[in-house]
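I am opening a new notebook page for this structure. My plan is to look up single residues, then pairs, then totals.

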Amino acid sequence: MSTLSPSRLAPARRRADLAKTGLAAAGLVLFGAAMILARLQAPGHTRHAPQALAAPPGFVKAVRENLLQAGLIAPAQDAPSIATSVS
């Protein structure tokens, strides 16, 4: 049996309930604030990125030149000419 009388437990339970309510309210406020901040800081959000993300033109030019020199890609070729076989 408990040594505390019911009259002494009531204030303790009330304080515990208030603490639980306060922690829940603080959690909701922090969650809401984090959600708002995350939406504002999203790098791909349309309000913050009116144009598509792309590599800088100088970088694209350098990569194309290097790939052409290495022979990995080549300029467009003409269609092969049609030859008839000799019979």
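Entry one. I started with Ile36, keeping in mind that the model is predicted. Its relative accessibility is 54%, so I log Ile36 as exposed, the cut-off being over 50%. I then placed Ile36 in the fold: it sits in helix α1, which covers residues 6–41.

Entry two. I asked which residues join Ile36 in a nonpolar patch on the surface. They are Leu37 and Leu40. Together the three residues have about 300 Å² of accessible area.

Entry three. I turned to charged pairs. How many salt bridges does a search of the whole structure find? I got one. The partners are Lys61 and Glu65. Their closest N and O atoms are 4.0 Å apart.

I wanted to know where this pair sits. Both residues belong to helix α2, residues 57–70. They are four residues apart there, so about one helical turn separates them. Side chains of opposite charge can pair when their charged atoms come close.

I checked exposure for both partners. Lys61 has a relative accessible area of 54% and is exposed. Glu65 has 39%, so I note it as partly exposed.

Entry four. I closed with totals. I count two helices and zero strands in the secondary structure. The protein has 87 residues, and 1% of them count as buried. I noted an accessible surface of about 8400 Å² for the protein. Carbon and sulfur atoms hold 65% of that surface.

Terms used: Residues numbered from 1 in each chain as written. Predicted model: local features only at pLDDT ≥ 70, side-chain atom pairs only at ≥ 80, totals over all residues. Heavy atoms only, no water. Salt bridge = Lys/Arg side-chain N within 4 Å of Asp/Glu carboxyl O. Buried < 20%, exposed > 50% of the residue type's maximum accessible area, 1.4 Å probe, protein only. Patch = residues over 30% accessible without salt bridge, like charges linked within 9 Å, V, L, I, M, F, W, Y side chains within 5 Å. Areas by Shrake-Rupley, 256 points an atom, 1.4 Å probe, with all protein chains shown as cover.
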